[in-house]
Amino acid sequence: MSRTVSLVLVDPSGGLLGQLPPFTVELPWWQDSTEVVAGAGVDVTVLRLLHGDRKPPGGHVTYLAMTPGRPAGLLPADADLTPHPLRAAYAEAAGVTASLAWAAGALDRLGLTGLTARQQRTWNLSAIWRFDGPDGTPAAWLKQVPPFFAHEAAVLRLVGGVAPDLVPYVLAAGDEGRTLIAHVPGEDRYGSGPAFRAEVLAALQPVQEHFAGRLDELRAAGVPRLSLDGLPRIAEPYLSQIPGLRELLDGLPDRLAAVDECGLPDTLVHGDLHPGNVIDDGQSFTIVDWGDAAIGNPAFDAVRIPGQPEALAAWAELWPGHDALRAAELLQPVELLRQAVVYDGFLARIEPSEWPYHADDVRRCLQTAVDLAGPDF
């Protein structure tokens with residue numbers, strides 16, 4: 001699967017220039033900018049999604065992009081450049097310019113000079129640039145997030161104070177959700193099985209045990225409580241479409257009461273602990289992307305990837321004196337209900353042109369929750 005890409009270009013002041021002829025890139029993921037930047041044939045920075053002809057991935061995707069000059073051979077373009085109150089700061093030309101200038105200044109103060117910024121990703125949840133040295137070696141990363149992920153830098157510092165090797169090192173943090181972090185060598189572990197997942201959960205457990213008695217520190221850092229607020233409203237349109245959803249919701253109070261009886265303490269939860277958010281260099285690994293971090297039951301992290309009983313059993317042994325395995329079994333469908341709430345929140349806080357990224361996520365999560373719940377508990 002690949003993407004056909006059209007780029008509508010603006011200058012650094014945001015003025016419309018025109019559109020490049022369409023071209024094809026191999027990576028189908030809409031948020032990935034690396035091949036788009038490389039394939040454009042001119043110096044561009046992708047700003048945001050304008051529209052796509054299907055749900056991601058793949059298809060024909062049109063982005064707004066910034067370029068410093070006026071390339072030859074531009075096609076006419078008609079794009080709505082009206083400001084939107086929910087638009088991310090980094091989705092505007094001025095915002096990107098300000099972010100890169102902030103990062104360059106922070107790097108200079110740290111003595112890291114002569115680095116080149118290379119755009120990696122941009123979408124409604126983050127914009128990411130890698131800074132490479134003159135020899136092409138990565139040195140640092142700039143990550144910018146929307147306001148609802150603004151606590152990520154603080155969480156990285158809190159976790160780094162307990163387990164320095166488990167998270168990226170924060171070089172600097174600034175306004176507008178900007179964080180500059182040191183390069184983490186290795187590759188993500190998408191597709192890893194239960195054995196690796198058990199390792200990750202075991203590495204995180206001491207951190208969660210530490211913060212179980214320090215919830216005030218988390219609250220002071222802006223870490224929100226994991227929430228199911230709004231679930232009835234979110235689920236209501238799907239009650240007639242998903243058999244068993246109403247029964248799952250009706251039984252939710254009893255299910256959550258049974259979880260409380262298992263005795264696990266509230267603590268710091270990563271919130272999106274899948275193998276793709278773990279960078280492994282073959283000797284050690286680093287957990288990244290803490291924007292979904294929240295205060296809640298640690299079993300929510302344990303059940304983020306369903307269908308791995310071996311990993312769950314190993315994780316439960318890390319919490320002696322608690323019925324951790326029972327809590328995980330009970331929370332498996334609740335985690336999917338929580339994800340539905342999260343995706344609904346994304347849709348409410350991003351501009352409509354970005355909705356295709358999450359268009360089916362709410363329904364998918366609700367359906368999966370019912371599938372995992374079984375007939376009773």
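Let's start at a turn: strand 7 and strand 8 form a hairpin with five residues between them, and within that turn Gly 136 has a positive phi of about 90 degrees. Keep in mind as we go that this is a predicted model.

The two arms of the hairpin cover residues 126–132 for strand 7 and residues 138–144 for strand 8. They run antiparallel and are joined by six bridges. If you would like one pair to find on screen, take Ala 127, whose bridge partner in strand 8 is Gln 144.

Now step across to the other neighbour of strand 8. Five bridges link strand 8 to strand 10, residues 178–182, and this pair is antiparallel too. Here a handy pair to look for is Lys 143, with Thr 179 as its bridge partner in strand 10. As general background, strands of a sheet pair through backbone hydrogen bonds, either parallel or antiparallel.

With those pairings in place, the whole sheet can be read off. It is an open sheet of five strands in the order 6-7-8-10-9, with antiparallel pairing. Its edges are strand 6 (116–123) and strand 9 (170–173), each of which pairs on one side only. From one strand to the next, the twist averages 20 degrees.

Two helices pack against these strands in the sense of lying across them. Helix 2, residues 93–109, lies across strand 6, strand 7, strand 8, strand 9 and strand 10, and runs at about 40 degrees to strand 10. Helix 3, residues 152–162, lies across strand 8, strand 9 and strand 10, at about 145 degrees to strand 9.

Let's move on along the chain to Arg 304. This residue sits in the loop between helix 9 (299–302) and helix 10 (309–316). Is Arg 304 buried or exposed? Its relative accessibility is 15%, so Arg 304 counts as buried, the cut-off being under 20%. What does its side chain meet there? A polar contact of 2.8 Å joins the side chains of Arg 304 and Asp 272. Leaving aside residues up to four places away in sequence, Arg 304 also touches Arg 197, Gly 271, Leu 273, His 274, Glu 335 and Gln 339.

Finally, a look at cysteines. How many disulfides does a search of the whole structure find? The search finds zero. Two cysteines to inspect are Cys 262 and Cys 365: Cys 262 is buried, with a relative accessible area of 6%, and Cys 365 is buried as well, with a value of 0%.

Methods
Residues are numbered from 1 along each chain as its sequence is written. This is a predicted model: local features need pLDDT of at least 70, side-chain atom pairs count only at pLDDT 80 or more; totals for chains, interfaces and linings use all residues. Side-chain values use heavy atoms; hydrogens and water are left out. A disulfide is a pair of cysteine sulfur atoms within 2.5 Å. Buried means under 20% relative accessible area, exposed over 50%, partly exposed in between (1.4 Å probe, protein chains only). Helices (H or I, at least four residues) and strands (E, at least two) are DSSP runs, numbered from the N terminus. A polar contact is a pair of N or O atoms within 3.5 Å; within protein, one must be able to donate a hydrogen and the other to accept it, and residues adjacent in sequence count only if both atoms are side-chain atoms. Contact means heavy atoms within 4.5 Å. Two strands pair if DSSP finds at least two bridges between them. Axes are lines fitted to C-alpha atoms, for helices over the stretch in contact, and angles run from 0 to 180 degrees between N-to-C directions.
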